[in-house]
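Work through these exercises with the sequence and the model open. Each one sets a task, then solves it step by step.

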Amino acid sequence: IKGNYSRSLPQKSFNLYTRKEYGKEEFEYDFFSGKAVKAKNGKAIKKYDGLTLRNGGNDNSSAFFRDSINQTLIADRDFAKQATTECIVFVDGEFWGIYQMMEKINASYLSQHYGVDKDSITMIENGELDEGNDNDLKEWDELCNNVGNGSISYDEFCKKVDVQGFIDYFASQIYWCNADWPQKNYTVWRSDAIDESNPYADGKWRMAMFDTESGQGLYGSQDKSFSADQFKRIRESNCQLSKLFNGLINSQEFRYQFTRTMMDLSNQNFAADRTKEVIDFFLVE
């Protein structure tokens with residue numbers, strides 16, 4: 001069983017893991033009908049050592065599919081996100097309901113999607129080390145602090161971080177007004193095995209997106225509404241991602257790139273007709 005708040009709900013979320021002692025090291029199936037693809041060649045991913053069955057999270061008793069809708073709308077953006085599909089779950093023959101089946105973001109996911117050596121991967125989730133070593137965590141902490149206090153330049157930041165992916169990620173979360181972010185629900189990763197033939201094996205930090213549903217008017221609360229000031233929330237926060245954004249926004253080059261990206265997302269990814277089409281797909285008659 002997985003989740004934080006959602007553990008208290010009658011319908012639970014699950015992580016599914018394969019184990020050699022269970023008879024199979026990986027699931028071998030295209031669970032997402034070709035939507036989960038390798039970045040290098042666009043081929044469908046058909047092997048998984050883990051999956052997530054999600055109960056909609058904070059959205060369980062509302063629209064349920066907010067996160068799936070969000071992930072679908074930004075599927076073309078260059079940061080890690082989860083392919084998603086719908087399924088019906090039975091546990092020992094007992095009906096547990098409709099679920100979101102989603103990719104599980106872990107080292108195997110990153111290796112499959114981006115062609116990097118699994119042993120070279122560092123992952124930091126909510127400021128804590130998930131994969132890698134203490135030196136990796138120290139470097140990430142120092143980067144956040146140095147950007148926040150203005151002790152490194154924007155050019156230097158660009159050498160350490162995939163900037164366009166970072167901006168795509170931030171612009172999306174700000175647009176949705178995700179109130180459970182940036183203080184939590186974030187993951188950064190990198191591969192330290194440099195391979196000039198692979199643009200994702202360059203040692204740069206990259207973002208991974210998950211749990212985006214705590215916005216878009218959820219519960220009818222002001223802090224999640226379209227009129228809430230997400231920029232103010234970030235300015236007043238001292239979390240790691242806020243330090244980065246608050247430091248970077250002082251750069252005219254960053255502001256220009258961020259503004260242009262936000263406009264592109266608004267006019268393309270989140271255009272009303274496109275958003276309505278995705279929402280309609282998830283409607284249950």
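## Exercise 1: Aromatic pairs

This is a predicted model. Start with phenylalanine 27, which is partly exposed at a relative accessible area of 26%.

Task: classify the pair formed by phenylalanine 254 and phenylalanine 258 from its ring geometry.

Solution.
- Step 1. A ring pair is described by the distance of the centres and the angle of the planes.
- Step 2. For phenylalanine 254 and phenylalanine 258, the centres are 6.1 Å apart and the planes meet at 20 degrees.
- Step 3. Planes under 30 degrees apart count as stacked, so this pair is stacked.
- Step 4. Both residues sit in helix H8, 4 residues apart, about one turn of the helix. Both are buried.
- Step 5. Widen the search: the whole structure holds 30 aromatic pairs. One of them joins phenylalanine 27 and phenylalanine 31, edge-to-face, with 5.9 Å between centres and 85 degrees between planes.
- Step 6. Phe254 and Phe258 also belong to an aromatic cluster that includes Phe79, Tyr154 and Trp181. Lysine 81 lies over the face of phenylalanine 79, 5.1 Å from the ring centre.

## Exercise 2: The two sides of H9

Task: find which residues of helix H9 are buried, and decide how they are arranged around the axis.

Solution.
- Step 1. H9 spans residues 272-282, and its buried residues are Thr275, Val278 and Phe282.
- Step 2. Viewed down the axis, these buried residues fall within an arc of 65 degrees, so they line one face of H9.
- Step 3. The face turned away carries the exposed residues Ala272, Asp273, Lys276, Glu277 and Phe281.
- Step 4. The cover over the buried residues of H9 includes helix H1, strand E5 and H8.

## Exercise 3: Salt bridges around arginine 54

Task: trace the salt bridges of arginine 54 to aspartate 67 and glutamate 213.

Solution.
- Step 1. The structure has 16 salt bridges.
- Step 2. Aspartate 67 bridges to arginine 54, with the closest N and O atoms 3.6 Å apart. This pair links helix H1 to strand E4, 13 residues apart.
- Step 3. Glutamate 213 also bridges to arginine 54, at 3.0 Å between the closest N and O atoms. Here the partners are 159 residues apart, with glutamate 213 in the loop between strand E10 and helix H6.
- Step 4. Check burial. Buried means under 20% relative accessible area. Aspartate 67, at 0%, is therefore buried. Arginine 54, at 5%, is buried too. Glutamate 213 is also buried.
- Step 5. Compare a bridge within one helix: aspartate 280 and lysine 276 have their closest N and O atoms 2.8 Å apart. Shared partners join Arg54, Asp67, Asp211 and Glu213 into one network.

Technical notes. Residues numbered from 1 in each chain as written. Predicted model: local features only at pLDDT ≥ 70, side-chain atom pairs only at ≥ 80, totals over all residues. Heavy atoms only, no water. Phe/Tyr/Trp six-rings, centres within 6.5 Å; stacked < 30°, edge-to-face > 60°. Buried < 20%, exposed > 50% of the residue type's maximum accessible area, 1.4 Å probe, protein only. Lys NZ or Arg CZ within 6 Å of the ring centre and 35° of its normal. Arc of directions from axis to C-beta. Contact = heavy atoms within 4.5 Å. Salt bridge = Lys/Arg side-chain N within 4 Å of Asp/Glu carboxyl O.
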